[in-house]
Amino acid sequence: MPGMLEKIKQFSRSPQGRRAAEQVRRASADPRRRAQARQLLGKLRGRSH
C-alpha cells in the first residue's frame, strides 16, 4: 500500500513524528517499559505468559 507507507514517512519527518519517536526511544530505554512491551507483544501474538 504505497499510500499508507507515504503517510507514515511524512509523519515520521514531521515535528510530531519526531517527538513520538523520541518518546518511544526514551520508553524503550526503561527496563520496566521494555518488559511491558514484550508482554503486550506476546499477548498480541497469542502467547500470553
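## Starting with an exposed arginine

Let's begin with one residue, Arg32, which is exposed, with a relative accessible area of 65%. The cut-off for that word is a relative accessible area over 50%, so Arg32 at 65% qualifies. Keep in mind as you explore that this is a predicted model.

The side chain of Arg32 has a partner: together with the side chain of Asp30, it forms a salt bridge, with 3.8 Å from N to O. Asp30 is partly exposed, and its relative accessible area is 25%.

## A second salt bridge

How many salt bridges does a search of the whole structure find? The search finds 2. Besides the pair you have just met, the side chains of Arg25 and Glu22 meet in a salt bridge, at 3.1 Å from N to O.

Where do these two residues sit? Arg25 and Glu22 belong to helix α2 (residues 15-29), and because they are 3 residues apart there, about one helical turn separates them. A general rule helps here: an α-helix has 3.6 residues a turn, so residues three or four places apart point the same way. As for their surroundings, Arg25 counts as exposed at 52% relative accessibility, while Glu22, at 35%, counts as partly exposed.

## The chain as a whole

Now take a step back. The chain holds 3 helices and 0 strands, and reading from the N terminus the order of elements is α-α-α. Along the principal axes, its C-alpha atoms fill a box of roughly 35 × 25 × 10 Å.

What share of the 49 residues is buried? Buried residues make up 6% of them. The chain exposes about 4900 Å², and carbon and sulfur atoms supply 56% of that area.

## A nonpolar patch

On the surface you can also find a nonpolar patch of about 300 Å², made by Met4, Leu5 and Ile8. Take Met4 as an example: this residue lies in helix α1 (residues 2-13). With 45% relative accessibility, Met4 counts as partly exposed.

## Helix α3 and what follows

Finally, have a look at helix α3, which covers residues 31-45 and has 15 residues. From its first C-alpha to its last, helix α3 reaches 21 Å, close to the 21 Å expected at 1.5 Å a residue. Just after α3 comes Gly46, which takes a positive phi of about 95°.

Note on methods:
Residues are numbered from 1 along each chain as its sequence is written. This is a predicted model: local features need pLDDT of at least 70, side-chain atom pairs count only at pLDDT 80 or more; totals for chains, interfaces and linings use all residues. Side-chain values use heavy atoms; hydrogens and water are left out. Helices (H or I, at least four residues) and strands (E, at least two) are DSSP runs, numbered from the N terminus. The expected span of a helix is 1.5 Å times one less than its number of residues. Patches are made of residues with over 30% relative accessible area and no salt bridge: like charges are joined within 9 Å, nonpolar side chains (Val, Leu, Ile, Met, Phe, Trp, Tyr) within 5 Å. Accessible areas come from the Shrake-Rupley method with a 1.4 Å probe; for residues, only the protein chains shown count as cover. A salt bridge is a side-chain nitrogen of Lys or Arg within 4 Å of a carboxyl oxygen of Asp or Glu. Buried means under 20% relative accessible area, exposed over 50%, partly exposed in between (1.4 Å probe, protein chains only).
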